[in-house]
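Me: I would like to learn how to read a structure like this. Could we take it feature by feature?

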Amino acid sequence: MDCIFCKIASGELPAKKVYEDAHTLVFMDIAGDVDGHILAIPKRHFENILDCDGETLDRLMRTVKLVAEHCVKNCGYDGVNLLNANGTSAGQSVPHFHIHIIPRKSGDAVTAWPNFGGAKKDIDEVWQTLKL
Ligand code: AMP
């Protein structure tokens, strides 16, 4: 499969690795858009959360927590944002499941929360569609 993150996971392509275990890999995002931009992926290929099995998801989130704690305990950060896009409609550009980890410092002036532009429908109407 011609997947850039599979190639990073297999070592075929280089990456600045932050953490690795048998099932997950964490490496620096090359976007250069914000200091400390990190990606966490499962080594096995899943497109996104919609096709990822529960065990892999558990492992990935444990890795995300480990790295988030490392950022705060050992690297001088105060918190992290977690960002994740599932599907092109959601803005996913690389179709291999990944969680963005953005380490944050108090007063760093980074805007990591999207400006959604305001809800267009009544909350109760949308609630009726969404509730399980
Ligand atoms: P998304 O738009 O949520 O799918 O995010 C994909 C991310 O992958 C972007 O932030 C890219 O900068 C990042 N990216 C693409 N290619 C590489 C690469 N070779 N090494 C590290 N990060 C990459």
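What follows is a short dialogue on the fold, the ligand site and a few residues.

Reply: Start with the source. This is a predicted model, where local features need pLDDT of at least 70, side-chain atom pairs count only at pLDDT 80 or more, and totals for chains, interfaces and linings use all residues. Residues are numbered from 1 along each chain as its sequence is written, and side-chain values use heavy atoms, with hydrogens and water left out.

Me: How many helices and strands are in the chain?

Reply: Helices (H or I, at least four residues) and strands (E, at least two) are DSSP runs, numbered from the N terminus. Here there are three helices and five strands. Their order along the sequence is α-β-β-β-α-β-β-α. The C-alpha trace spans about 50 × 40 × 25 Å along its principal axes.

Me: What share of the 132 residues in the chain is buried?

Reply: Buried means under 20% relative accessible area, exposed over 50%, and partly exposed in between (1.4 Å probe, protein chains only). Buried residues make up 32% of the chain.

Me: Where does the ligand sit?

Reply: A pocket is found on a 1 Å grid over the protein atoms alone: an open set of points where a 1.4 Å probe fits, with protein on both sides within 12 Å along at least five of seven lines. A molecule sits in a pocket if more than half of its atoms lie within 2 Å of its grid points. In this model the ligand sits in the largest pocket. The elements giving two or more residues to the shell around the ligand are α1 (4-10) and β2. Helix α1 gives the most, with three residues.

Me: Which residues come nearest to the ligand?

Reply: A residue is near a molecule if one of its heavy atoms lies within 4 Å of it. Of the 16 residues around the ligand, Asp29, Ser93, Val94, His98 and His100 come nearest.

Me: Which atoms of Asp29, Val94 and His100 lie close to ligand oxygen?

Reply: A polar contact is a pair of N or O atoms within 3.5 Å; within protein, one must be able to donate a hydrogen and the other to accept it, and residues adjacent in sequence count only if both atoms are side-chain atoms. Asp29 places a polar side-chain atom 2.5 Å from a ligand oxygen. In His100, a side-chain N or O atom is 2.8 Å from an oxygen of the ligand. Val94 uses a backbone N or O atom, at 3.0 Å from a ligand oxygen. The protein covers 80% of the 510 Å² of accessible area that the ligand has on its own (Shrake-Rupley method, 1.4 Å probe).

Me: Is Thr24 buried or exposed?

Reply: Thr24 lies in strand β2 (residues 24-28). Thr24 counts as buried because its relative accessible area is 1%. Its side chain makes a polar contact of 2.7 Å with the side chain of Thr63. Contact means heavy atoms within 4.5 Å. Leaving out residues up to four places away in sequence, Thr24 touches seven residues by name: Tyr19, Ile41, Pro42, Lys43, Arg59, Leu60 and Thr63.

Me: And what of Met28, also in β2?

Reply: Met28 has 31% relative accessibility, so Met28 counts as partly exposed. Beyond four places in sequence, Met28 is in contact with Lys16, Val18, Gly36, His37 and Ile38.

Me: Which residue has a positive phi although it is not a glycine?

Reply: That is Ala109, with a phi of about 65°. Ala109 lies in the loop between β5 (99-104) and α3 (123-130). Ala109 is exposed, at 72% relative accessible area.

Note on methods: On a 1 Å grid over the protein atoms alone, a cavity is a set of points where a 1.4 Å probe fits but cannot get out, and a pocket is an open set with protein on both sides within 12 Å along at least five of seven lines; lining residues have an atom within 4 Å of a point.
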